[in-house]
Amino acid sequence: MAELRVRVTQDSASRWRRRSGEYATLREALEVAEPGDTLTVRAGLFREAVVVDKPVTLLAEQGPGSVRISPPESAVRGGTALTVTAGATIRGLTVEGSDRSAPAVLVAGADGAVLADCRIETSSAVGVELADGARAQLVSCTVENPSGLGVRLRAQSQAELLECEISAAGQSGLAVLSGSRVRAERLRVHHTGGAGVLLADPGSLAELTGCEVYEVRGSGVQAEAQAVGRLADCTVHRVAGNGLSLDTGAELELASCRVHEVPENAADLRGGAKLTIRQSTVHAFGRGALSVWDGGTKVLAEGCRFHSAQGDYPALWVSDGAALELVDCALDDLPDALFVLDQGSSASARDCSFTAIRSSAVSVSGGASADLSGCRIQGAGTGLWFRDHGSGGLLTDCEIAEVATGVIVTKGADPVLRECTVRGASEAGVYVSAQGRGEFDAVRVSQGGGFGFHVIDGCRTKLVRCRAERNARSGFEFSEPGPVAEGCTSDDVAPAPARPPSPRRAAPTRCRRRWRRSPRPC
(Lines give C-alpha, C1' and ligand atoms only; values in the text may rest on other atoms or scores of the structure.)
Protein backbone atom coordinates (compact mmCIF):
# COMPACT_ATOMS: atom_id res chain seq x y z
CA MET A 1 0.00 0.00 0.00
CA ALA A 2 1.34 3.41 -0.97
CA GLU A 3 2.42 5.68 1.82
CA LEU A 4 -0.09 8.44 2.55
CA ARG A 5 2.01 11.60 2.47
CA VAL A 6 -0.42 14.42 1.72
CA ARG A 7 -3.15 15.41 4.12
CA VAL A 8 -6.07 17.52 2.88
CA THR A 9 -7.66 19.72 5.51
CA GLN A 10 -10.96 21.44 4.85
CA ASP A 11 -11.57 25.01 5.85
CA SER A 12 -14.50 25.78 8.15
CA ALA A 13 -16.78 26.75 5.28
CA SER A 14 -16.52 23.37 3.53
CA ARG A 15 -16.82 20.88 6.42
CA TRP A 16 -20.36 19.93 5.49
CA ARG A 17 -19.21 18.50 2.16
CA ARG A 18 -16.75 15.76 3.21
CA ARG A 19 -14.10 14.71 5.69
CA SER A 20 -10.42 15.40 5.62
CA GLY A 21 -8.30 12.77 3.93
CA GLU A 22 -4.75 11.60 3.26
CA TYR A 23 -3.33 10.72 -0.14
CA ALA A 24 -0.18 9.21 -1.58
CA THR A 25 0.53 11.85 -4.24
CA LEU A 26 0.04 15.54 -4.69
CA ARG A 27 -1.94 14.91 -7.85
CA GLU A 28 -4.48 12.77 -6.01
CA ALA A 29 -4.79 15.27 -3.19
CA LEU A 30 -5.29 18.16 -5.60
CA GLU A 31 -8.02 16.29 -7.49
CA VAL A 32 -10.22 16.06 -4.39
CA ALA A 33 -9.27 19.39 -2.80
CA GLU A 34 -11.70 22.27 -2.88
CA PRO A 35 -10.97 26.01 -2.93
CA GLY A 36 -9.68 27.14 0.46
CA ASP A 37 -8.36 23.70 1.53
CA THR A 38 -4.88 23.18 2.94
CA LEU A 39 -2.66 20.38 1.70
CA THR A 40 -0.05 19.53 4.32
CA VAL A 41 2.84 17.66 2.72
CA ARG A 42 5.12 15.34 4.63
CA ALA A 43 8.88 15.38 4.04
CA GLY A 44 10.20 13.57 1.00
CA LEU A 45 10.68 13.63 -2.74
CA PHE A 46 7.67 13.75 -5.05
CA ARG A 47 8.48 12.73 -8.60
CA GLU A 48 5.50 14.19 -10.36
CA ALA A 49 4.57 17.22 -12.43
CA VAL A 50 2.26 19.17 -10.14
CA VAL A 51 -0.56 21.34 -11.50
CA VAL A 52 -2.34 23.58 -9.00
CA ASP A 53 -5.52 24.86 -10.61
CA LYS A 54 -7.49 25.66 -7.45
CA PRO A 55 -7.01 28.37 -4.79
CA VAL A 56 -5.61 26.01 -2.16
CA THR A 57 -2.56 26.04 0.13
CA LEU A 58 0.35 23.61 -0.21
CA LEU A 59 2.38 23.54 2.99
CA ALA A 60 5.57 21.65 3.84
CA GLU A 61 4.83 20.02 7.17
CA GLN A 62 8.39 20.15 8.49
CA GLY A 63 9.23 23.54 7.07
CA PRO A 64 11.23 24.84 4.09
CA GLY A 65 13.47 22.33 2.36
CA SER A 66 11.74 19.20 3.65
CA VAL A 67 9.61 18.61 0.53
CA ARG A 68 11.09 18.30 -2.95
CA ILE A 69 9.18 18.21 -6.22
CA SER A 70 10.89 16.89 -9.33
CA PRO A 71 9.11 15.88 -12.55
CA PRO A 72 9.61 12.36 -13.87
CA GLU A 73 11.38 11.85 -17.18
CA SER A 74 8.03 11.45 -18.94
CA ALA A 75 6.56 14.63 -17.42
CA VAL A 76 3.91 16.46 -19.37
CA ARG A 77 3.94 20.20 -20.02
CA GLY A 78 7.49 20.05 -21.30
CA GLY A 79 9.07 19.08 -18.00
CA THR A 80 7.63 21.89 -15.88
CA ALA A 81 7.76 20.68 -12.28
CA LEU A 82 5.13 23.04 -10.82
CA THR A 83 2.37 24.83 -12.70
CA VAL A 84 0.06 27.26 -10.90
CA THR A 85 -3.02 28.56 -12.70
CA ALA A 86 -5.07 29.76 -9.70
CA GLY A 87 -4.67 31.97 -6.67
CA ALA A 88 -2.96 29.26 -4.62
CA THR A 89 -0.36 29.58 -1.87
CA ILE A 90 2.75 27.37 -2.09
CA ARG A 91 4.85 27.43 1.08
CA GLY A 92 8.15 25.79 1.94
CA LEU A 93 8.58 23.57 -1.13
CA THR A 94 11.78 22.89 -3.06
CA VAL A 95 11.27 22.54 -6.81
CA GLU A 96 13.71 20.86 -9.18
CA GLY A 97 13.75 20.79 -12.97
CA SER A 98 16.02 19.76 -15.82
CA ASP A 99 14.19 20.66 -19.04
CA ARG A 100 16.10 23.43 -20.81
CA SER A 101 13.12 24.21 -23.01
CA ALA A 102 10.62 24.90 -20.23
CA PRO A 103 10.43 26.70 -16.87
CA ALA A 104 10.74 24.78 -13.63
CA VAL A 105 7.86 26.79 -12.11
CA LEU A 106 5.16 28.33 -14.28
CA VAL A 107 2.53 30.73 -12.95
CA ALA A 108 0.09 31.32 -15.82
CA GLY A 109 -3.08 33.37 -15.74
CA ALA A 110 -3.32 33.08 -11.97
CA ASP A 111 -4.57 35.97 -9.86
CA GLY A 112 -3.16 36.20 -6.36
CA ALA A 113 -0.79 33.21 -6.36
CA VAL A 114 1.81 33.21 -3.55
CA LEU A 115 5.12 31.36 -3.36
CA ALA A 116 6.66 31.69 0.10
CA ASP A 117 9.83 30.19 1.58
CA CYS A 118 10.32 28.16 -1.58
CA ARG A 119 13.56 27.15 -3.21
CA ILE A 120 13.92 26.52 -6.93
CA GLU A 121 17.05 24.52 -7.80
CA THR A 122 16.93 23.76 -11.48
CA SER A 123 18.66 23.53 -14.83
CA SER A 124 15.76 24.79 -16.92
CA ALA A 125 15.05 27.50 -19.44
CA VAL A 126 13.64 29.63 -16.62
CA GLY A 127 13.57 29.13 -12.88
CA VAL A 128 10.21 30.86 -12.26
CA GLU A 129 8.09 32.25 -15.08
CA LEU A 130 4.95 34.38 -14.89
CA ALA A 131 2.90 34.50 -18.07
CA ASP A 132 -0.50 35.27 -19.53
CA GLY A 133 -1.26 38.17 -17.24
CA ALA A 134 -0.55 36.28 -14.04
CA ARG A 135 -0.38 38.13 -10.72
CA ALA A 136 1.78 36.57 -8.07
CA GLN A 137 3.83 37.26 -4.97
CA LEU A 138 7.17 35.64 -4.13
CA VAL A 139 8.22 35.92 -0.49
CA SER A 140 11.60 34.76 0.87
CA CYS A 141 12.21 32.56 -2.16
CA THR A 142 15.55 31.48 -3.63
CA VAL A 143 16.06 30.74 -7.31
CA GLU A 144 19.14 29.00 -8.74
CA ASN A 145 19.18 28.15 -12.44
CA PRO A 146 22.63 27.83 -14.04
CA SER A 147 21.09 26.94 -17.42
CA GLY A 148 18.86 29.94 -18.08
CA LEU A 149 16.97 32.88 -16.63
CA GLY A 150 16.26 33.21 -12.95
CA VAL A 151 12.81 34.84 -12.88
CA ARG A 152 11.00 35.98 -16.01
CA LEU A 153 7.79 37.99 -16.37
CA ARG A 154 6.12 38.17 -19.77
CA ALA A 155 2.77 38.81 -21.42
CA GLN A 156 1.70 41.62 -19.06
CA SER A 157 2.22 39.67 -15.87
CA GLN A 158 2.72 41.30 -12.49
CA ALA A 159 4.79 40.17 -9.53
CA GLU A 160 5.89 41.29 -6.10
CA LEU A 161 9.24 39.95 -4.87
CA LEU A 162 9.92 40.36 -1.15
CA GLU A 163 13.17 39.27 0.54
CA CYS A 164 14.05 37.00 -2.39
CA GLU A 165 17.37 35.87 -3.82
CA ILE A 166 18.25 35.02 -7.42
CA SER A 167 21.67 33.44 -7.84
CA ALA A 168 23.69 31.35 -10.24
CA ALA A 169 21.49 32.12 -13.24
CA GLY A 170 23.08 31.20 -16.55
CA GLN A 171 21.49 34.24 -18.21
CA SER A 172 19.79 37.28 -16.67
CA GLY A 173 18.69 37.08 -13.06
CA LEU A 174 15.37 38.97 -13.33
CA ALA A 175 13.79 39.64 -16.75
CA VAL A 176 10.73 41.88 -17.10
CA LEU A 177 9.39 41.73 -20.66
CA SER A 178 6.43 42.48 -22.94
CA GLY A 179 4.55 44.94 -20.75
CA SER A 180 4.98 43.12 -17.43
CA ARG A 181 5.52 44.80 -14.07
CA VAL A 182 7.45 43.88 -10.96
CA ARG A 183 7.90 45.43 -7.54
CA ALA A 184 10.82 44.11 -5.52
CA GLU A 185 12.00 44.88 -2.00
CA ARG A 186 15.32 43.68 -0.58
CA LEU A 187 15.94 41.45 -3.58
CA ARG A 188 19.47 40.12 -4.10
CA VAL A 189 20.63 39.18 -7.59
CA HIS A 190 24.14 37.79 -7.96
CA HIS A 191 26.40 35.43 -9.92
CA THR A 192 24.44 35.58 -13.15
CA GLY A 193 25.76 34.94 -16.64
CA GLY A 194 23.90 37.91 -18.15
CA ALA A 195 22.45 41.13 -16.78
CA GLY A 196 21.40 41.18 -13.17
CA VAL A 197 18.08 42.84 -14.06
CA LEU A 198 16.81 42.99 -17.67
CA LEU A 199 13.96 45.31 -18.68
CA ALA A 200 12.59 45.38 -22.22
CA ASP A 201 9.56 46.34 -24.29
CA PRO A 202 7.02 49.18 -23.98
CA GLY A 203 4.96 49.08 -20.81
CA SER A 204 7.47 47.00 -18.86
CA LEU A 205 8.17 48.45 -15.42
CA ALA A 206 10.39 47.47 -12.50
CA GLU A 207 10.33 49.18 -9.10
CA LEU A 208 13.20 48.07 -6.89
CA THR A 209 13.71 49.18 -3.29
CA GLY A 210 16.63 48.21 -1.08
CA CYS A 211 17.90 45.70 -3.64
CA GLU A 212 21.45 44.58 -4.42
CA VAL A 213 22.95 43.43 -7.72
CA TYR A 214 26.51 42.12 -7.69
CA GLU A 215 28.93 39.60 -9.19
CA VAL A 216 27.18 39.44 -12.57
CA ARG A 217 28.90 38.93 -15.91
CA GLY A 218 26.74 41.42 -17.81
CA SER A 219 25.37 44.82 -16.82
CA GLY A 220 23.93 45.29 -13.38
CA VAL A 221 20.68 46.72 -14.78
CA GLN A 222 19.95 46.64 -18.52
CA ALA A 223 16.95 48.55 -19.85
CA GLU A 224 15.94 48.81 -23.50
CA ALA A 225 13.05 49.21 -25.93
CA GLN A 226 11.16 51.86 -23.90
CA ALA A 227 11.07 49.89 -20.66
CA VAL A 228 11.02 51.84 -17.38
CA GLY A 229 12.82 51.18 -14.12
CA ARG A 230 12.80 52.90 -10.73
CA LEU A 231 15.45 52.10 -8.14
CA ALA A 232 15.54 53.43 -4.57
CA ASP A 233 18.24 52.70 -2.00
CA CYS A 234 19.75 50.04 -4.25
CA THR A 235 23.36 48.95 -4.75
CA VAL A 236 24.96 47.80 -8.00
CA HIS A 237 28.57 46.71 -7.68
CA ARG A 238 31.22 44.20 -8.73
CA VAL A 239 29.75 43.58 -12.18
CA ALA A 240 31.73 42.64 -15.29
CA GLY A 241 29.92 45.02 -17.67
CA ASN A 242 28.36 48.44 -17.18
CA GLY A 243 26.63 49.18 -13.92
CA LEU A 244 23.60 50.49 -15.82
CA SER A 245 22.98 50.09 -19.57
CA LEU A 246 20.14 52.00 -21.22
CA ASP A 247 19.21 51.95 -24.90
CA THR A 248 16.39 52.56 -27.40
CA GLY A 249 14.17 54.89 -25.41
CA ALA A 250 14.42 53.18 -22.02
CA GLU A 251 14.01 55.27 -18.86
CA LEU A 252 15.59 54.72 -15.48
CA GLU A 253 15.25 56.62 -12.21
CA LEU A 254 17.65 56.19 -9.30
CA ALA A 255 17.24 57.68 -5.82
CA SER A 256 19.74 57.23 -2.96
CA CYS A 257 21.54 54.46 -4.84
CA ARG A 258 25.16 53.34 -5.00
CA VAL A 259 27.05 52.18 -8.09
CA HIS A 260 30.68 51.18 -7.58
CA GLU A 261 33.44 48.72 -8.45
CA VAL A 262 32.48 48.64 -12.11
CA PRO A 263 35.24 47.97 -14.69
CA GLU A 264 33.32 49.66 -17.52
CA ASN A 265 30.91 52.61 -17.31
CA ALA A 266 28.83 53.09 -14.21
CA ALA A 267 26.02 54.16 -16.57
CA ASP A 268 26.01 53.90 -20.36
CA LEU A 269 23.15 55.51 -22.28
CA ARG A 270 22.35 55.45 -25.99
CA GLY A 271 19.49 55.60 -28.44
CA GLY A 272 17.36 58.27 -26.80
CA ALA A 273 17.38 56.70 -23.34
CA LYS A 274 16.79 58.83 -20.25
CA LEU A 275 18.33 58.60 -16.78
CA THR A 276 17.38 60.56 -13.69
CA ILE A 277 19.70 60.01 -10.74
CA ARG A 278 19.26 61.74 -7.39
CA GLN A 279 21.19 61.69 -4.12
CA SER A 280 23.32 58.80 -5.33
CA THR A 281 27.02 57.92 -5.23
CA VAL A 282 29.09 56.61 -8.13
CA HIS A 283 32.72 55.64 -7.58
CA ALA A 284 35.47 53.14 -8.43
CA PHE A 285 34.53 52.93 -12.11
CA GLY A 286 37.00 51.76 -14.74
CA ARG A 287 35.90 53.90 -17.71
CA GLY A 288 33.30 56.58 -16.99
CA ALA A 289 30.70 57.43 -14.41
CA LEU A 290 28.18 58.59 -17.03
CA SER A 291 28.66 57.87 -20.73
CA VAL A 292 25.89 59.59 -22.70
CA TRP A 293 25.56 59.15 -26.47
CA ASP A 294 23.17 60.01 -29.32
CA GLY A 295 20.59 62.70 -29.94
CA GLY A 296 17.63 62.58 -27.58
CA THR A 297 19.58 60.80 -24.87
CA LYS A 298 19.37 62.74 -21.61
CA VAL A 299 20.68 62.54 -18.07
CA LEU A 300 19.62 64.57 -15.04
CA ALA A 301 21.78 64.21 -11.92
CA GLU A 302 20.82 65.99 -8.70
CA GLY A 303 22.74 65.90 -5.43
CA CYS A 304 25.08 63.13 -6.60
CA ARG A 305 28.76 62.46 -6.04
CA PHE A 306 31.10 61.04 -8.69
CA HIS A 307 34.57 60.22 -7.43
CA SER A 308 37.61 57.93 -7.33
CA ALA A 309 37.94 56.83 -10.94
CA GLN A 310 40.12 53.78 -11.50
CA GLY A 311 40.95 54.49 -15.16
CA ASP A 312 42.19 57.38 -17.28
CA TYR A 313 38.90 58.28 -18.96
CA PRO A 314 36.68 61.34 -18.46
CA ALA A 315 34.15 60.71 -15.71
CA LEU A 316 31.25 62.34 -17.58
CA TRP A 317 31.18 61.93 -21.36
CA VAL A 318 28.51 63.59 -23.52
CA SER A 319 28.63 63.20 -27.31
CA ASP A 320 26.69 62.78 -30.57
CA GLY A 321 23.97 65.25 -29.61
CA ALA A 322 23.22 63.97 -26.10
CA ALA A 323 22.41 66.20 -23.12
CA LEU A 324 23.48 66.20 -19.47
CA GLU A 325 22.22 68.34 -16.58
CA LEU A 326 23.98 68.45 -13.22
CA VAL A 327 22.49 70.11 -10.15
CA ASP A 328 24.31 70.34 -6.81
CA CYS A 329 26.70 67.52 -7.68
CA ALA A 330 30.27 66.89 -6.50
CA LEU A 331 33.02 65.51 -8.73
CA ASP A 332 36.41 64.72 -7.19
CA ASP A 333 39.52 62.59 -7.57
CA LEU A 334 39.14 62.14 -11.33
CA PRO A 335 41.51 62.22 -14.35
CA ASP A 336 39.06 64.44 -16.30
CA ALA A 337 35.66 65.46 -15.03
CA LEU A 338 33.35 66.54 -17.88
CA PHE A 339 33.91 66.18 -21.63
CA VAL A 340 31.26 67.50 -24.03
CA LEU A 341 31.80 66.70 -27.72
CA ASP A 342 30.08 67.10 -31.08
CA GLN A 343 27.59 69.56 -32.46
CA GLY A 344 24.25 69.42 -30.66
CA SER A 345 25.70 67.97 -27.48
CA SER A 346 25.15 70.04 -24.35
CA ALA A 347 25.89 69.98 -20.66
CA SER A 348 24.75 72.26 -17.88
CA ALA A 349 25.92 72.38 -14.28
CA ARG A 350 24.41 74.40 -11.46
CA ASP A 351 25.92 74.73 -7.98
CA CYS A 352 28.39 71.90 -8.61
CA SER A 353 31.95 71.39 -7.39
CA PHE A 354 34.93 69.96 -9.29
CA THR A 355 37.83 69.07 -6.99
CA ALA A 356 41.14 67.25 -7.42
CA ILE A 357 40.88 66.84 -11.19
CA ARG A 358 44.20 65.71 -12.61
CA SER A 359 43.69 67.14 -16.11
CA SER A 360 40.67 69.16 -17.34
CA ALA A 361 37.64 69.86 -15.18
CA VAL A 362 35.51 70.80 -18.21
CA SER A 363 36.41 70.30 -21.88
CA VAL A 364 34.15 71.41 -24.75
CA SER A 365 34.86 70.56 -28.40
CA GLY A 366 33.37 69.73 -31.77
CA GLY A 367 30.69 72.42 -31.64
CA ALA A 368 29.25 71.38 -28.28
CA SER A 369 28.22 73.74 -25.50
CA ALA A 370 28.52 73.80 -21.71
CA ASP A 371 26.69 76.14 -19.35
CA LEU A 372 27.88 76.49 -15.75
CA SER A 373 26.29 78.57 -13.02
CA GLY A 374 27.46 78.95 -9.44
CA CYS A 375 30.07 76.20 -9.83
CA ARG A 376 33.45 75.85 -8.14
CA ILE A 377 36.55 74.30 -9.70
CA GLN A 378 39.51 73.73 -7.41
CA GLY A 379 42.70 71.77 -7.85
CA ALA A 380 42.67 70.95 -11.57
CA GLY A 381 45.18 70.99 -14.40
CA THR A 382 42.88 73.13 -16.54
CA GLY A 383 39.68 74.66 -15.25
CA LEU A 384 37.83 74.94 -18.55
CA TRP A 385 39.02 74.38 -22.09
CA PHE A 386 36.93 75.45 -25.06
CA ARG A 387 38.83 73.77 -27.84
CA ASP A 388 37.57 74.56 -31.32
CA HIS A 389 35.20 76.28 -33.71
CA GLY A 390 31.55 76.33 -32.69
CA SER A 391 32.28 75.25 -29.14
CA GLY A 392 31.13 77.56 -26.40
CA GLY A 393 28.75 78.08 -23.55
CA LEU A 394 27.86 80.46 -20.76
CA LEU A 395 29.61 80.60 -17.39
CA THR A 396 28.01 82.71 -14.69
CA ASP A 397 29.20 83.33 -11.13
CA CYS A 398 31.77 80.53 -11.19
CA GLU A 399 34.99 80.28 -9.17
CA ILE A 400 38.18 78.62 -10.43
CA ALA A 401 41.00 78.21 -7.92
CA GLU A 402 44.39 76.53 -7.60
CA VAL A 403 44.68 75.31 -11.15
CA ALA A 404 47.47 75.38 -13.72
CA THR A 405 45.42 77.44 -16.21
CA GLY A 406 41.98 78.79 -15.42
CA VAL A 407 40.30 79.11 -18.82
CA ILE A 408 41.68 78.19 -22.24
CA VAL A 409 39.99 79.27 -25.48
CA THR A 410 41.44 78.06 -28.80
CA LYS A 411 40.72 77.52 -32.50
CA GLY A 412 37.61 79.63 -32.92
CA ALA A 413 35.78 78.63 -29.75
CA ASP A 414 33.56 81.43 -28.42
CA PRO A 415 32.35 81.09 -24.80
CA VAL A 416 30.87 83.82 -22.61
CA LEU A 417 32.01 84.29 -18.99
CA ARG A 418 30.22 86.66 -16.64
CA GLU A 419 31.13 87.57 -13.08
CA CYS A 420 33.56 84.69 -12.70
CA THR A 421 36.74 84.50 -10.62
CA VAL A 422 40.06 82.81 -11.34
CA ARG A 423 42.39 82.66 -8.34
CA GLY A 424 45.81 81.15 -7.79
CA ALA A 425 46.50 79.79 -11.28
CA SER A 426 50.12 78.72 -11.61
CA GLU A 427 50.14 79.90 -15.22
CA ALA A 428 47.70 82.20 -17.02
CA GLY A 429 44.32 82.87 -15.50
CA VAL A 430 42.73 83.24 -18.96
CA TYR A 431 44.58 82.14 -22.07
CA VAL A 432 43.28 82.73 -25.61
CA SER A 433 45.15 81.64 -28.74
CA ALA A 434 44.86 80.22 -32.25
CA GLN A 435 41.86 82.34 -33.35
CA GLY A 436 39.94 81.73 -30.18
CA ARG A 437 37.39 84.38 -29.34
CA GLY A 438 35.30 84.63 -26.19
CA GLU A 439 33.61 87.38 -24.23
CA PHE A 440 34.65 88.05 -20.65
CA ASP A 441 32.42 90.35 -18.61
CA ALA A 442 33.36 91.31 -15.05
CA VAL A 443 35.85 88.47 -14.77
CA ARG A 444 38.47 88.76 -12.04
CA VAL A 445 41.88 87.06 -12.15
CA SER A 446 44.11 87.26 -9.08
CA GLN A 447 47.18 85.77 -7.40
CA GLY A 448 48.34 83.95 -10.52
CA GLY A 449 51.83 82.77 -11.30
CA GLY A 450 51.72 84.11 -14.87
CA PHE A 451 49.68 86.65 -16.80
CA GLY A 452 46.16 87.44 -15.68
CA PHE A 453 44.68 87.64 -19.17
CA HIS A 454 46.98 86.40 -21.92
CA VAL A 455 45.71 86.83 -25.48
CA ILE A 456 47.97 86.03 -28.42
CA ASP A 457 47.75 85.49 -32.17
CA GLY A 458 45.56 88.56 -32.60
CA CYS A 459 42.48 86.80 -31.25
CA ARG A 460 39.34 88.94 -31.26
CA THR A 461 38.54 88.49 -27.61
CA LYS A 462 36.33 91.01 -25.85
CA LEU A 463 36.97 91.95 -22.23
CA VAL A 464 34.55 94.22 -20.40
CA ARG A 465 35.00 95.47 -16.82
CA CYS A 466 37.58 92.76 -16.08
CA ARG A 467 40.03 93.06 -13.20
CA ALA A 468 43.52 91.60 -12.72
CA GLU A 469 45.18 91.68 -9.29
CA ARG A 470 48.50 90.49 -7.88
CA ASN A 471 49.57 88.35 -10.81
CA ALA A 472 53.27 87.45 -11.02
CA ARG A 473 53.83 88.83 -14.52
CA SER A 474 51.22 91.34 -15.56
CA GLY A 475 47.48 91.63 -15.52
CA PHE A 476 46.90 91.89 -19.27
CA GLU A 477 49.16 90.74 -22.07
CA PHE A 478 48.07 91.23 -25.69
CA SER A 479 50.79 90.18 -28.10
CA GLU A 480 49.08 91.53 -31.25
CA PRO A 481 46.14 93.75 -32.18
CA GLY A 482 42.75 92.07 -32.02
CA PRO A 483 41.51 91.95 -28.39
CA VAL A 484 39.14 94.66 -27.21
CA ALA A 485 39.30 95.79 -23.56
CA GLU A 486 36.64 98.14 -22.18
CA GLY A 487 36.68 99.42 -18.62
CA CYS A 488 39.27 96.87 -17.49
CA THR A 489 41.75 97.54 -14.69
CA SER A 490 44.89 95.99 -13.29
CA ASP A 491 47.03 96.69 -10.25
CA ASP A 492 50.10 97.05 -12.47
CA VAL A 493 48.96 99.03 -15.52
CA ALA A 494 45.70 99.53 -17.32
CA PRO A 495 45.42 97.26 -20.37
CA ALA A 496 46.33 98.95 -23.60
CA PRO A 497 45.72 97.75 -27.10
CA ALA A 498 48.68 95.94 -28.53
CA ARG A 499 50.78 98.19 -30.76
CA PRO A 500 51.22 97.15 -34.33
CA PRO A 501 54.72 95.90 -34.98
CA SER A 502 57.16 98.58 -36.20
CA PRO A 503 58.07 98.29 -39.85
CA ARG A 504 61.57 97.07 -40.34
CA ARG A 505 64.15 99.38 -41.94
CA ALA A 506 65.13 98.47 -45.41
CA ALA A 507 68.65 97.14 -45.62
CA PRO A 508 71.05 99.65 -47.24
CA THR A 509 71.86 98.88 -50.81
CA ARG A 510 75.35 98.99 -52.18
CA CYS A 511 76.09 101.84 -54.51
CA ARG A 512 77.41 101.10 -57.91
CA ARG A 513 79.90 103.74 -58.76
CA ARG A 514 83.07 104.09 -60.60
CA TRP A 515 86.35 104.51 -58.78
CA ARG A 516 87.14 108.06 -57.96
CA ARG A 517 89.86 109.57 -55.88
CA SER A 518 87.41 111.41 -53.62
CA PRO A 519 84.49 109.15 -52.63
CA ARG A 520 81.08 110.67 -52.90
CA PRO A 521 78.04 109.60 -50.84
CA CYS A 522 75.37 107.73 -52.72
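Modeller: A salt bridge is taken here as a side-chain nitrogen of Lys or Arg within 4 Å of a carboxyl oxygen of Asp or Glu. This is a predicted model, in which local features need pLDDT of at least 70 and side-chain atom pairs count only at pLDDT 80 or more, while totals for chains, interfaces and linings use all residues. Residues are numbered from 1 along each chain as its sequence is written, and side-chain values use heavy atoms, with hydrogens and water left out.

Biologist: How many salt bridges does the rule give?

Modeller: The rule asks for a Lys or Arg side-chain nitrogen within 4 Å of an Asp or Glu carboxyl oxygen. By that rule, the count of salt bridges is 29.

Biologist: Where in the chain is Arg-42, the salt-bridge partner of Glu-22?

Modeller: The side chains of Glu-22 and Arg-42 meet at 3.5 Å, N to O. Strands are DSSP runs of E of at least two residues, and helices are runs of H or I of at least four, both numbered from the N terminus. Glu-22 belongs to strand S2 (residues 21–23), and its partner, 20 residues apart, lies in the loop between strand S3 (38–41) and strand S4 (44–46).

Biologist: Is Glu-22 buried or exposed?

Modeller: Buried means under 20% relative accessible area and exposed over 50%, with partly exposed in between (1.4 Å probe, protein chains only). Glu-22 has a relative accessible area of 33%, so this residue is partly exposed.

Biologist: Which strand holds Arg-183, the partner of Glu-160?

Modeller: Glu-160 and Arg-183 form a salt bridge at 1.7 Å, N to O. The pair joins distant parts of the chain, 23 residues apart: Glu-160 is in strand S18 (residues 158–162), and Arg-183 is in strand S21 (residues 181–185).

Biologist: What is the N to O distance between Arg-230 and Glu-207?

Modeller: Arg-230 in strand S27 (residues 228–232) and Glu-207 in strand S24 (residues 205–209) are 23 residues apart. Arg-230 is partly exposed at 35% relative accessible area, and Glu-207 is partly exposed at 30%. Their side chains meet in a salt bridge, N to O, at 3.0 Å.

Biologist: How many disulfides does a search of the whole structure find?

Modeller: A disulfide requires a pair of cysteine sulfur atoms within 2.5 Å. The search finds 0.

Biologist: Which cysteine sulfur is nearest to that of Cys-211?

Modeller: Cys-211 is in no disulfide. With 5% relative accessibility, Cys-211 counts as buried. The nearest cysteine sulfur is 4.5 Å away and belongs to Cys-234.
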